[in-house]
Amino acid sequence: MPNPDASGHWGEFGGRFVPEALIAALDELEAAHTAALADPAFTAELEQLGREYGNLPSPLYFAERLSEEAGVEVWLKREDLNHTGAHKIRNVLGQALLTKRMGKRRIIAETGAGQHGVASATAAAYFGLECTVYMGEEDTRRQALNVARMRLLGAEVVPVTTGSRTLKDAMNEALREWVASVDHTHYLIGSVGGPAPFPQLVRDYCRGIGDEARAQFLERTGALPDVVAACVGGGSNAMGIFTAFLEDESVKLFGFEAGGDGYDTGRHAATITAGQIGVLHGARTFVLQDEDGQTIESHSISAGLDYPGVGPEHAHLAATGRAVYEPVDDAEAMAALEKLARTEGIICAIESAHGLAGALRLAKGLKAGSRVLVNLSGRGDKDMGNVVEYFGFAGAPEKSGE
Amino acid sequence: MHAADAFAKTKAEGRAALVGYLPAGYPTLADSIKAVDIMIDHGADMIELGLPYSDPVMDGPAIQKAADQALAGGFRTRQVFEVTEAVAGRVPILVMTYWNLVERYGVDRFARDFAAAGGAGLITPDLIPDEAGEWIEASDAYGLDRVFLVAPSSTEERIVSTVAACRGFVYAQSVMGVTGARAATSAVAPALVERTRRHTDLPIGVGLGVRSGDQAAEIGAYGDAVIVGSAIVNCYLDAPDIPTGHQRLAELTADLAEGVRR
Ligand SMILES: Cc1ncc(COP(=O)(O)O)c(C=O)c1O
């Protein structure tokens with residue numbers, strides 16, 4: 001199951017729906033990635049980099065007080081403790097090292113809230129690569145602090161003023177720019193979407209989450225978890241933790257999409273739950289689209305989940321039933337974020353809170369003592385502005401962020 | 001009417017064909033029909049109707065803006081058949097579209113309705129032959145032209161497989177970049193056309209960036225068709241009102257038509 005067919009499809013999903021101008025670069029990337037993974041020098045360098053720079057492997061943490069309340073064992077994969085504060089460091093270190101290996105000198109990236117942009121700028125600084133980040137104009141205003149971080153790290157941030165001026169438009173702009181600069185530039189895509197080989201490649205660099213967690217879980221408990229849960233935006237942290245468990249039939253996999261204002265309001269980002277099969281950003285997958293196939297804007301309190309598409313491997317896992325995807329709305333996610341803070345002293349990212357909230361909801365239907373593994377994909381520092389606003393914390397600074 | 005009919009005529013006249021691109025529904029639905037008539041009246045040999053899409057990754061600012069405006073004006077996919085029906089008969093009418101719109105409408109259903117409206121075929125900028133099984137079947141069933149793109153970065157092998165899948169003509173993307181009028185035409189275009197010609201007898205159209213009769217003449221010297229898009233859209237984008245846009249389009253088309261006849 002893990003790998004797509006030779007043309008990059010998982011069942012009917014995936015593939016390459018891009019201009020012919022990019023095909024040669026995608027072929028080159030695929031060959032370089034395959035060769036890199038087979039090269040012990042590359043994997044050793046990446047492993048060392050992760051350990052010494054990225055703070056990997058991340059710990060597996062048993063959340064005791066939260067477990068008591070939930071009635072099941074809740075285990076957290078602490079990706080929030082990684083350098084730059086999320087699982088995303090794994091993807092950018094892998095792709096940046098690959099960029100060096102391909103002899104390219106520049107990376108471009110798209111970003112929504114700025115998390116992937118910051119991670120990309122970080123990797124670019126580390127490797128001495130030029131870096132340009134495309135970000136919807138709307139988002140550059142809402143996430144000024146992350147824009148400042150990227151600039152401090154030496155990246156150029158380009159506000160995107162086309163379309164809806166959000167993540168999907170930043171991705172369009174990155175693809176446009178890539179066509180013009182593909183000879184010396186690598187498109188460091190931020191999730192498991194896009195044309196083949198990106199979905200597989202990003203998954204390969206993120207799968208350490210699940211590989212580590214599976215081994216840690218076996219070591220700590222002598223068994224596998226009953227349930228593995230993660231939030232799903234594009235789907236990189238979820239594929240990252242799912243991949244190691246795909247062949248473990250006893251392990252149920254759950255992905256939680258952003259339900260926004262509530263699934264029935266139509267204002268959400270629950271792409272698999274509510275979308276139809278279509279083509280967006282180079283892959284066939286589920287897409288939030290209207291009757292004509294025009295992309296519909298998504299909505300979520302979590303910028304990292306606010307995307308109208310989803311990685312094609314998730315579409316396949318949903319279609320085959322291997323993984324189950326459900327929406328979690330803003331309110332449910334924020335309640336889980338607060339609960340985790342108060343029971344465990346951990347402030348997680350709002351994205352990750354969706355995964356946790358889904359797991360806590362699921363726990364109600366599980367046998368007491370069941371073991372649930374949740375990917376805590378990131379920390380909440382970046383979200384404090386939203387938190388202040390959402391909970392109406394009096395006396396707090398109006399725009400905190402770090 | 002198919003692309004081959006236009007090329008038979010231009011070949012007999014010993015010149016390249018002029019292909020004008022405009023998004024259907026831009027500047028309005030009625031005015032897009034009028035604009036096509038203006039282009040044909042002033043010497044366009046073939047028309048490409050763009051299907052406005054929310055996420056046009058091959059297009060630069062001008063065409064994006066026009067597509068956005070058409071969508072904001074309520075444009076619906078099925079209206080491209082209305083426009084086609086209104087203008088078909090004089091020259092071949094092709095539709096250039098991002099793939100999701102066709103897939104959503106239904107590939108077979110789209111081919112059927114477009115053929116019934118008098119359309120000639122589709123140009124598919126984000127569909128490569130490798131992913132086009134369903135479209136190849138449908139275009140065979142309804143006798144539609146099937147225009148795929150080759151690019152400066154295409155390998156020899158991909159040029160061979162791409163031209164083999166084309167019918168009507170081959171679209172040579174002359175620059176590595178998105179659509180947009182450019183001051184200088186591409187230096188890599190002649191080489192791409194030459195590489196492509198080694199593998200096909202089909203006519204080769206050259207697009208992306210043309211904005212003047214001089215450039216049209218230059219490209220017409222090695223390409224079989226000169227494809228003009230952003231410059232046409234700019235006639236309306238930059239105009240104070242639609243009638244002025246129509247006027248500018250007439251002048252531009254005449255200039256381009258003179259260029260391919262030099
Ligand atoms: C902490 C965190 N988790 C999850 C996501 C969602 O991305 P993905 O679904 O690719 O894991 C983001 C995106 O910004 C993020 O910052």
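Colleague: At what angle do helix α5 and helix α7 of chain A pack, and how far apart are their axes?

Modeller: This is a predicted model. In it, helix α5 of chain A (residues 115-127) packs against helix α7 of chain A (residues 144-152) at about 10°, with the axes 9 Å apart. That angle makes α5(A) roughly parallel to α7(A).

Colleague: Which residues of α5(A) and α7(A) meet?

Modeller: From α5(A), A:Gln115, A:Gly117, A:Val118 and A:Ala121. They meet A:Asn146, A:Arg149 and A:Met150 of α7(A). The split is three nonpolar, three polar and one charged.

Colleague: Switching to the interface. How many residues does the contact take from chain B and from chain A?

Modeller: Chain B gives 35 residues and chain A gives 35 residues.

Colleague: And what area do chain B and chain A bury between them?

Modeller: About 2900 Å², with 46% of it on carbon and sulfur atoms. On chain B, the top three residues are B:Val57, B:Arg104 and B:Glu131, supplying 23% of the area that chain B buries against chain A.

Colleague: How many salt bridges are there across the interface of chain B and chain A?

Modeller: Five. One joins the side chains of B:Arg158 and A:Glu20, at 2.9 Å from N to O. There are also 22 residue pairs in polar contact between chain B and chain A.

Colleague: Which element gives the most to the side of chain B that touches chain A?

Modeller: α5(B), with five residues. By class, the residues on that side of chain B are 17 nonpolar, nine polar and nine charged.

Notes:
Residues numbered from 1 in each chain as written. Chains lettered and ligands numbered in written order. Predicted model: local features only at pLDDT ≥ 70, side-chain atom pairs only at ≥ 80, totals over all residues. Heavy atoms only, no water. Contact = heavy atoms within 4.5 Å. Buried area = accessible area lost by both parts, 1.4 Å probe. Salt bridge = Lys/Arg side-chain N within 4 Å of Asp/Glu carboxyl O. Polar contact = N/O pair within 3.5 Å; in protein donor to acceptor, adjacent residues only side chain to side chain. Helix = DSSP H or I, 4+ residues; strand = E, 2+ residues; numbered from the N terminus. Nonpolar A, V, L, I, M, F, W, Y, C, P; charged D, E, K, R; others polar. Axes fitted to C-alpha atoms, helices over the stretch in contact; angles between N-to-C directions. Parallel < 35°, antiparallel > 145°, perpendicular 65-115°, else oblique.
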